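Student: I've got a two-chain model to go through with you. Could we take it piece by piece?

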Amino acid sequence: MSANPNNSTGVAIQQVFIEHLNKDVLELEGFRRALIVFRHKDAVVGTAWFPVVNGKVTATQLQSMVSKVAWPVWQQIVAEMGKQPIQLPTVTVVVCTRDRTNDLAVSLPELAKLADRGRPVLVVDNCPADDSTARLVAGYPGITYIYEPRAGLDIARNRGIQESTSEVVAFIDDDAIPDEGWLDALLNHFDDPMVAVVTGLTLPLELETRAQQWFEITNGFNRGFEQRSFDSTCVSVVGTGQVGAGVNMAVRRSALGEIGYFDEALDGGTPTLSGGDQEFFYRALAHGYRIIYEPRALVWHKHRREWKALRQTIFGYGVGLYAWWSKTLFVGKEFTLLYWATLWFIQHHLGNLLRSVLRRPGCAPLDLAWAEMWGAVIGPYRYLRSRRAQQQSRLAPGVGDRTGDLILPTADSETVGSKPPASTVSVHGIQGGVEVP
Amino acid sequence: MSQTHLVSVIIPTHNRSQMLARHLLALSRQTWPEEKFEVVVIADDCQDETADMVTMLSSQLPFNVQCLSHSARSASASRNLGTTHAHGEYYLFLDDDVLPEPGLITAHLRASGENRVVMGHSRPVLPEKPSFWQYSARLWWEDTFRAMRMPGYRFRYRDFFSGNLSMTAALFHRVGGFDTTIRVRLEDYELGIRLLKAGAEFCFEPEAVGHHYDFTDLRTWLQRVYKEGIADIQIGQRHPELRCILFADYEDVRADWGRLKRLIRKVAFSWVQRRDRITSIGVRLAEICELLRLRGPWLHIIGALREYNYWRGAAWRIGGYAELASWIQEAPIAPTVGVDAPLFHLDQPESLEERQTKLELAQRVGARAAWQGKELFSIPPLPGYEPLRYDHLLAVFRQEARRNFIPPLALSLIQRKDLDLSVWPFNSQTSI
């Protein structure tokens with residue numbers, strides 16, 4: 001991954017099946033670089049950045065990277081040898097969205113295919129500014145629309161969980177498109193009763209702008225191409241960044257009684273901006289459950305195109321990380337965080353900032369490094385603010401008692417939001433009540 | 001299996017009348033017809049109202065229940081006693097703290113066979129505020145059961161968990177029931193050895209679910225580990241051929257902390273006559289680590305404590321280091337694979353007869369396995385394991401292949417899938 005996208009031209013993304021490695025990749029005119037995604041059957045086995053010369057990437061270039069994909073390919077062959085048919089659990093796909101109707105319009109056709117195959121899909125519209133999302137979803141009779149008035153990604157996630165009745169709830173972002181086989185690959189792991197969460201591989205949908213390229217290089221969701229298993233005996237439970245991300249994950253409902261719901265004081269829509277998924281992963285590990293990273297569960301994510309949006313995202317990651325770490329330190333009493341958070345702040349945040357100031361090769365632009373570091377600094381305060389806001393809104397009439405860090409085995413969907421009880425909305429039905437304020 | 005067989009559910013219990021009452025009520029909700037099973041409760045040295053409770057409850061229960069009392073302080077003696085009063089063709093052994101799901105008996109009987117031992121799935125239930133140890137124990141149990149469900153799993157005597165287990169009465173009596181001279185623990189393992197020797201077939205039935213309310217914690221567990229050390233020596237005395245696998249990791253200094261293990265063993269053997277302070281200090285340390293959520297150090301302490309207590313038990317039973325050494329001499333650790341061990345080419349077809357002959361030979365001298373002409377691994381003869389089958393070899397192959405085999409092999413496989421390999425840069429780069 002040696003890329004330095006300090007130009008404004010786009011990077012092509014091309015999939016190459018390893019059976020075709022002896023052929024050039026053509027028709028890349030207008031691109032200076034290409035991200036080649038190596039595939040073996042339905043799985044991605046590796047990616048590599050190549051310079052584009054004369055509008056193509058040559059077979060020789062491709063083959064030079066092949067040793068990197070050997071292990072994933074091999075492991076896939078081995079996995080198929082031992083494969084035996086298993087009963088997949090029932091599932092509901094939940095898409096949480098907020099004022100991103102254009103992105104959703106791209107992914108809904110793919111999600112509708114899942115719905116056609118009998119997998120209920122819920123779109124949770126989180127505090128929308130207008131009814132455009134509602135009108136969009138109304139065009140897909142197989143997809144259920146749910147209106148959630150309270151702003152917050154974790155609030156929307158919890159709402160999705162409460163509106164579903166299946167054994168597993170799979171989450172995908174509104175700006176991500178599932179690949180063929182995404183859902184089955186996630187579900188395959190739930191026959192292990194200790195698996196509470198399965199995360200998948202997320203690759204960029206496009207790398208048109210500098211912002212998208214930088215995001216992919218510095219903060220991409222790619223966690224490798226080999227299946228991994230995490231539990232509290234093998235990883236530090238507070239280092240859940242390596243486990244995966246909420247953009248592409250599936251959660252076992254029955255484990256929520258122990259783990260608790262998503263913390264509604266965290267993640268997008270609240271002052272903390274992110275971290276809800278990571279904090280949830282932490283609780284899953286701390287409660288003795290296992291998390292599987294399954295690269296065969298592939299989604300394509302559209303990174304933010306504008307530099308400003310990228311900076312805001314990176315800032316949000318800084319805030320979210322230290323927000324959930326503060327919560328985990330004080331509520332979860334994970335005292336080792338005092339050490340890890342300090343170490344990470346010095347090595348990662350201050351280190352990155354210093355490298356950017358000194359313009360070391362491969363360093364991030366100064367504004368990104370600064371945004372992330374500043375986010376980390378104010379993260380703990382932001383969590384406090386967010387939590388206070390949550391507690392106040394909980395005192396408001398008609399709002400349910402959901403804090404996320406509490407264990408609430410019984411879904412109190414009847415008191416949530418200003419919406420009629422969940423039972424009146426048909427989850428598996430053709431069309432949920434389209435309600436717009 | 002038609003529902004014409006009478007099943008005897010045998011439940012040993014000790015001062016747990018409340019749990020037992022819940023258990024009996026759970027049994028009254030079975031999908032298996034009530035008139036087709038009876039329950040034998042063996043109250044072992046019970047100081048509480050167990051016997052009265054069973055008598056009182058029996059009028060409300062839809063099945064026959066009898067309660068025997070004795071004081072042997074031994075689960076296996078209780079189970080043996082239970083069988084002498086049981087009338088069923090099948091014995092289903094349940095622990096008093098394993099609450100059965102409604103389908104448990106049906107699932108056991110569906111999986112049963114004349115020569116079969118059926119293990120049910122006892123799912124651990126955690127207490128209100130679980131400790132680190134309880135979390136990791138749950139993971140251990142569930143992983144153990146999950147492994148048994150995998151295709152090609154090779155059962156061994158240590159998979160014999162008598163808390164949720166059934167077999168025919170004929171099989172039980174043919175091998176002579178539980179050995180009550182092994183009093184401390186692992187009597188079930190010892191019966192497992194005899195069953196495997198007698199050619200019984202082990203199987204795991206994932207639908208025979210019981211909920212295991214086992215609130216053991218660190219200290220109790222270390223006690224058990226201590227008894228495990230004692231019992232392993234006893235097992236080694238009764239079944240000398242098993243010594244080689246009982247202490248399989250005895251010489252293992254390659255392991256991360258092999259040297260430390262040896263030191264711990266030395267301490268355990270030299271300390272055995274004195275009062276044990278090390279365990280209580282260690283447990284205290286582990287508790288401090290847990291309070292501070294220091295999971296890494298906690299794991300190391302637990303590992304060391306386990307090692308120490310096991311060898312302390314073994315030392316107590318065998319006497320001294322010299323005795324243990326002479327034992328090991330008699331039956332060498334790490335049974336070797338004979339030079340004449342049959343080689344299985346896992347990627348090549350062979351006739352069933354040919355395979356069967358090789359497997360029989362492998363049972364005595366071990367097996368070697370190759371893929372594309374390259375020898376990859378070998379399996380020594382393993383006493384205490386079920387006879388080697390071909391799918392066991394495949395399972396080991398898959399297990400090893402995930403991490404330990406080499407990409408060149410993968411590449412040669414890819415090659416067969418019509419890929420032009422001549423241009424690939426690395427045919428012989430890596431070695432095994």
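Tutor: Sure. Let's fix one term before anything else: a residue is buried at under 20% relative accessible area, exposed at over 50%, and partly exposed in between, using a 1.4 Å probe and protein chains only. Residues are numbered from 1 along each chain as its sequence is written, while chains are lettered from A and ligands numbered from 1 in the order in which they are written. The model is predicted, so local features need pLDDT of at least 70 and side-chain atom pairs 80 or more, with totals for chains, interfaces and linings using all residues, and side-chain values rest on heavy atoms, leaving out hydrogens and water.

Student: Is Leu195(B) buried or exposed?

Tutor: Leu195(B) sits in helix H7 of chain B; helices (H or I, at least four residues) and strands (E, at least two) are DSSP runs numbered from the N terminus. Its relative accessible area is 0%, so Leu195(B) counts as buried.

Student: Which residues does Leu195(B) touch, beyond those up to four places away in sequence?

Tutor: Contact here means heavy atoms within 4.5 Å. Leu171(B) is one of the partners, 24 residues away along the chain and with its C-alpha atom 8.2 Å from that of Leu195(B). The full set is Val117(B), Phe160(B), Met167(B), Leu171(B), Val175(B), Ala200(B) and Phe202(B).

Student: At about what angle does H7 of chain B run to E8(B)?

Tutor: Axes are lines fitted to C-alpha atoms, for helices over the stretch in contact, and angles go from 0 to 180 degrees between N-to-C directions. H7 (residues 187-197) lies across strands E6 (116-124), E7 and E8 (201-212) of chain B, and its angle to E8(B) is about 145°.

Student: Which strands of chain B stand at the edges of the sheet?

Tutor: Strands pair if DSSP finds at least two bridges between them. Eight strands of chain B make an open, mixed sheet ordered E3-E2-E1-E4-E7-E6-E8-E5, with neighbours turned by 30° against each other on average, direction ignored. Inside it, E4 (residues 90-94) and E7 (residues 164-168) are antiparallel over five bridges, with Tyr90(B) opposite Thr168(B). One side is left without a neighbour in the two strands that have a single partner strand each, E3 (64-70) and E5 (98-100).

Student: How is H8(B) set against H12(B): parallel, perpendicular or oblique?

Tutor: Two packed helices are described by the angle between their axes and the distance between the axes. The axes of H8 (residues 218-238) and H12 (residues 295-318) in chain B come within 7 Å and cross at roughly 40°. Under 35 degrees is roughly parallel, over 145 roughly antiparallel, 65 to 115 roughly perpendicular, and the rest oblique. That makes the pair H8(B) and H12(B) oblique.

Student: And what is the handedness of the crossing of H8(B) and H12(B)?

Tutor: A crossing is left-handed if the near helix is turned anticlockwise from the far one by less than a right angle, and right-handed if clockwise. For H8(B) and H12(B), the crossing is right-handed.

Student: Over in chain A, how many residues of E12 are buried?

Tutor: Chain A has 12 helices and 12 strands, and 58% of its 437 residues are buried. E12 pairs with E9 (residues 195-204) in parallel over nine bridges, and with E10 (residues 228-230) in the antiparallel sense over three. Ile291(A) in E12 is the bridge partner of Val197(A) and of Phe230(A). Strand E12 (residues 290-301) is mostly covered, and its buried count is 11 of 12.
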